[in-house]
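Here's a quick briefing to read with the model open beside you. Keep the sequence handy so you can find each residue as it comes up.

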Amino acid sequence: MVVMRHLLSLTATEKEKRDAKLTTPNRVVLYQFTLSPDDAKWAQQKDKDAYNLTDLAFQPHPQHRTFTKAIRAVLDRDEAWVRWKENGCPPFEEPPLTEKDYAIMEKRLRQTLAPLPPYRYPLGNQALSDLWKEIDGLTLESLKGRIKLPEPEDFLSEELDKASLQELSPAEQIEKIDEKASKEWRGLRLAMRTDMIGVAESKGSLSKYLESKREAEMEAKGDVKEEAMPDVEAVKKEGDSETQTKVEDLKQKDEEETKDEPMDIQNGS
């Protein structure tokens, strides 16, 4: 892994990245040799094979992946050390921040955390904002209900006659057919807002949908009338039965009172 990493650091791409980061290059440790693309592919494959073999060799151990990751970490640290040597071993100490640096940081932080200023156009852009200022007495409530959707019946068009179509040019025929289809589709789309099942049953025909809807309304009105009209014979029979019941109740009550009344011996009654 160490050898393959060293070879892969000598490719043209890696050298360009290295030279871009060098400020004080140490020419003694810089290699002039450049690895070819074919050799780079071979080195990449060998590095991968070495990593897989290491992982496979220590696989019986419960922490084998931790070991292979540790190997990678050590190699990364070694590579960082090599880059530090190539750059002329610059010092790690950094100068402390001055009061000017703190002032710049504080100013930038205040600008970042400052609340955003209000947008100059309350309605999104200048044209809409100016238009809203010029209109007096117009509110959001007054705008409601301005536009009313048409009814599906408004898009019902006449059936196209073949004889009348033949009199038109081919372009006009296509325009006429498209106009009728567009109207029917808009009517069906409005009907779908309230009656999706009915539109599906009409199979794309607005006239069939409106006809079925009209028949359903007439049937509903007929059922309501039949329910509202009382059955004269039933009422008559019900009245007769109630009268008969009342007469029988009165007879039974009279018999009970006569039975309980004391007999007058003197009069022989």
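Does Lys183 count as buried, partly exposed or exposed? Lys183 counts as partly exposed, because its relative accessibility is 30% and that class runs between under 20% for buried and over 50% for exposed. Bear in mind that you're looking at a predicted model. The points below go through salt bridges, aromatic pairs, a nonpolar patch and one unusual backbone angle.

**Salt bridges**

- Searching the whole structure turns up 10 salt bridges.
- Lys183 has a partner: its side chain meets that of Glu179 in a salt bridge, at 4.0 Å from N to O.
- Glu179 and Lys183 sit four residues apart in helix 9 (residues 170-191), so about one helical turn separates them.
- Glu179 is partly exposed too, with a relative accessible area of 40%.
- Helix 4 holds a pair with that spacing as well: Arg83 and Glu79 are four residues apart, about one turn of the helix, and their side chains form a salt bridge at 3.8 Å, N to O.
- Arg83 is partly exposed at 25% relative accessibility, and Glu79 is partly exposed at 33%.
- Those two also belong to a bigger picture: Arg5, Asp76, Glu79, Arg83 and Glu86 are linked in a network of salt bridges.
- Asp19 and Arg18 make another salt bridge, at 3.3 Å from N to O.
- Here the partners fall in separate classes: Asp19 is partly exposed at 43%, while Arg18 is buried at 10%.

**Aromatic pairs**

- The count of aromatic pairs comes to three.
- One of them is Trp84 with Phe92, which is stacked: the centres are 5.4 Å apart and the planes differ by 20 degrees.
- Trp84 is partly exposed at 25% relative accessibility, whereas Phe92 is exposed at 66%.
- Tyr119 and Tyr121 pair edge-to-face instead, with 5.9 Å between centres and 85 degrees between planes.
- Tyr119 is exposed, with a relative accessible area of 57%.

**A nonpolar patch on the surface**

- Leu123, Leu128, Leu131, Trp132, Ile135 and Leu140 form this patch, and together they have about 560 Å² of accessible area.
- Helix 6 (residues 126-134) gives the largest share, three residues.
- Ile135 lies in the loop between helix 6 and helix 7 (140-143).
- Why can Ile135 be part of a patch? Its relative accessible area is 34%, and patch residues need over 30%.

**An unusual backbone angle**

- Cys89 has a phi near 55 degrees, a positive value in a residue other than glycine.
- You'll find Cys89 in the loop between helix 4 (64-86) and helix 5 (99-113), and it is partly exposed at 29%.

Technical notes
Residues numbered from 1 in each chain as written. Predicted model: local features only at pLDDT ≥ 70, side-chain atom pairs only at ≥ 80, totals over all residues. Heavy atoms only, no water. Patch = residues over 30% accessible without salt bridge, like charges linked within 9 Å, V, L, I, M, F, W, Y side chains within 5 Å. Areas by Shrake-Rupley, 256 points an atom, 1.4 Å probe, with all protein chains shown as cover. Helix = DSSP H or I, 4+ residues; strand = E, 2+ residues; numbered from the N terminus. Buried < 20%, exposed > 50% of the residue type's maximum accessible area, 1.4 Å probe, protein only. Phe/Tyr/Trp six-rings, centres within 6.5 Å; stacked < 30°, edge-to-face > 60°.
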